[in-house]
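Work through the exercises below with the coordinates open. Each task is followed by a solution in steps.

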Amino acid sequence: MTTLGESALAPFPQRGRRLTFVNAKVLAGIAILVFFGLLTFAHPVLEATIWAGRGNVYHPQFGFDSGIGHPSAPSATHWLGTSSLGRDVFSMFAHAARPTFLVALAAGGSIAAVSLLLGSVAAYRRGWADGFISHLSDAMVLLPAMVVVFVLGIGRSNEEFGALQVGLSFGVLYGLGPATATVRAAALTVMVRPFMEAARVAGGGGRWIVTRHVLPHLYPHAAVQAMIGATGAVIADSFLSFRSAVGEDFGFGQMVYDGITWSTLMAGIAPPPWWIMLAGAGGITLLAAAFYLIGVGLREALDPRLAGDPR
Amino acid sequence: MQVINAESVWRRPRVPWFVTFLALRLVWALITLFLFLTAVFFFMQVWVPYSWATQFLLGGPGAFEQAREAAGLTQPLHQQYADFMLGLARADLGTSFGGASVGDMILEALPITLTIFIAGTVIGWVVGEMLGRVGTWSSHRLSGLALSVLGVLSAAIFPPFLVYVLVRWLREPILDARQAMGLPSDSLELWRGAVIGEPGALTPGEVRWLIALAMVAALAVGLIVRAYGRRHQLAVVEALALPGTLLGAGVGIWLSGLGPHALDLLYRADISASTGRGTPALALVGIVLISFGQVMLVMRAGMEAERGEDYVLTGRAKGLTERAVRDRHVARNALAPVLAGSFLSFPTVLAGMMIVEYELEMQGLSSVLFDAIEFQDIPVIMGVIVVLGLMGVGFRLLTDLTIASLDPRQRHGRA
């Protein structure tokens, strides 16, 4: 139960009451990210120790264990089994997180940059600049970033349209659309607060007011959008990898594809290789969920009633 | 700053609020659509035609130039832009590289997509709203955790894997049910007239449109009846509104004598494809599963934030039932951010729905789009993206109207 005073103050982080951005959802998301980060570092360590000298067996792309038939179920030598091409699934799993991280990083960074720039300019300038930016962001919401990434990505080679390009193009489109709409709405609520008047009276110029007084209040909102956008970017990239359109030949999406193709080919002859599909789909879902959890957790910490676009 | 004078505040409006509201929103929609179409045009013209010439390599010398000529790509950019916009104003989406009219291709695919997307979104929405509302109000720690995990899973699941699981576990039971209903296993019997081109014969296209329109009408009526039931605390009306109207539409279609045809279409992706993996029923399940989570999470957060407000205490103190406090007061306040947020998450959910539809091999818009991407058929890609944008505008108008009907403060003022 919150008291009257507390609930009235809730949306405004003011002196004496700090917003805490750490809640169960954010912590869970960070824990998953740490897990994948450790896994990424574990790969070279394993190559140097347990898998030392057996690169031909454990290489994520070219590895092949000639001693057994493939795909093989999880065992002591292959912790998550092997794929239909004889690759070690654990090695693929530990390695596939890298390009996915890059996609999420590129998408999140560009979403934050685009939405902070446009959102703060629109709210500070108002007038025709605001009219144009808000109509543009409404229009870009209609253009699903994921569909555009498919249009750009399917049919292009990995050198031409790899993880970085997927992340950036997704991020710019998502940033122009939903992210700018949300950050602009948050910036409008900042503009009417008393300290803005004080900053103007103090003789602050436009750039000083925006960077010192507006942007700091928008960082959490941009972070929410960056995280939720990164969720979509991870899924978009995985779908491209699933259609073997982009990403390295052994991404998470490719693992799901491997499993589904094998079980369709061998329907009724051999049981489906669940370990490949689960490792791939689990990797995608866990990583996407990590970004989504951080985004949703931050948003709830900010104020759930501002979750949407308070027009 | 807005100047408030007594006259403008107190003058009684002469027209119902939704007339001016809708008029303003339509103007908004036109401006937004114009910007959207311009963005699509420049995106496709400037960015995409990277190597689309390769498909003409087999056509012999000159084939590429001919195709450029035919597609109007040799004209200056502003001329192409004017042609594109004027064509759209006449509802002309151009001609695909394969020679077919893009408009016809889309019209053929649209009823399937409309049926499963609209039904999937509405059902996913209702499920998510209900779980968020009821689940949060009487939550134990454990059920709260379970709901959160479910919601995050729904938002983060990899659609192709979901489709694989659905096909593996649900396809056989659905096909068994089809046989149990006595439908012929070879549905060509039903569509013989259409296949051999008999004049006046019933075609799948017509029946698909009939199903789509009947279902949209049933959902609209169902949602209105449901809102009425909620408002007047008629629990039975509220619970039975949607299933009742959907069942009513089904019975209506059956009584009109088209029952077997409609049912047959609900069980297969395409009458010519006997190998299709999916059925509209499966696609519906998949779309509900990927769309309910986001709604539920935002609804939960809203309910949690509102339950500490003072009006809740007031409501209880004046003797309202817990249900009335929850549904008529708290949920009404918690719903606005859900609605506003649902438009912003529209692109992500839409892309997920398209992946589900495509992976289930439904002959809908996503098949048209992904095939066009495969063949670098630029006019078709543009056509589908334009239609997706139109669907988005319609969705925005509906959510805005719902927000305004929930919250009188939103009824006046600019878009």
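The exercises concern a predicted model and go from confidence to helices, the chain contact and the core.

**Exercise 1.** State the mean pLDDT of chain A and find stretches where the pLDDT is below 50.

Solution. Step 1: the mean pLDDT of chain A is 82, and 88% of its residues reach 70 or more. Step 2: residues 1–17 of chain A have pLDDT below 50, with 13 contacts in the model beyond near neighbours in sequence. Step 3: residues 306–311 of chain A are also below 50, and that stretch has 21 such contacts.

**Exercise 2.** Compare the expected and actual spans of α4 (residues 77–89) of chain B.

Solution. Step 1: the expected span is 1.5 Å times one less than the number of residues. Step 2: helix α4 of chain B has 13 residues, so it should span 18 Å. Step 3: its end C-alpha atoms are 18 Å apart, in agreement. Step 4: just after α4(B), B:A91 takes a positive phi of about 60°.

**Exercise 3.** Do the same for α14(B), and determine how many of its residues are buried.

Solution. Step 1: α14(B) has 14 residues, and its first and last C-alpha atoms are 20 Å apart, close to the expected 20 Å. Step 2: 14 of its 14 residues are buried. Step 3: B:E361, just after α14(B), has a positive phi of about 60°.

**Exercise 4.** Is B:A146 buried, exposed or partly exposed?

Solution. Step 1: B:A146 lies in helix α6 (residues 141–156) of chain B. Step 2: a residue is buried at 20 or more other C-beta atoms within 10 Å and exposed at 12 or fewer. Step 3: B:A146 has 13, so it is partly exposed. Step 4: B:T121 is 25 residues away in sequence and 22 Å away in space, C-alpha to C-alpha.

**Exercise 5.** Describe the side of chain B that touches chain A.

Solution. Step 1: the contact takes 50 residues from chain B and 48 residues from chain A. Step 2: elements of chain B giving two or more residues include α2 (17–47), α6, α14 (346–359) and α16 (378–406). Step 3: α13(B) gives the largest share, 8 residues. Step 4: by class, this side has 37 nonpolar, 9 polar and 4 charged residues.

**Exercise 6.** Which residues touch the most other members of the largest nonpolar core?

Solution. Step 1: the core has 181 residues, and those touching the most other members are A:V234, A:V256, A:Y292, B:I381 and B:V384. Step 2: helix α4 (residues 89–125) of chain A gives the largest share of this core, 19 residues. Step 3: leaving aside neighbours within four places in sequence, B:I381 is in contact with A:V151, B:M44, B:L369, B:A372 and B:I373.

Technical notes:
Residues numbered from 1 in each chain as written. Chains lettered and ligands numbered in written order. Predicted model: local features only at pLDDT ≥ 70, side-chain atom pairs only at ≥ 80, totals over all residues. Helix = DSSP H or I, 4+ residues; strand = E, 2+ residues; numbered from the N terminus. Contact = placed C-beta atoms within 7 Å. Nonpolar A, V, L, I, M, F, W, Y, C, P; charged D, E, K, R; others polar. pLDDT = per-residue confidence, 0-100. Core = buried A, V, L, I, M, F, W, Y, C linked by C-beta atoms within 7 Å.
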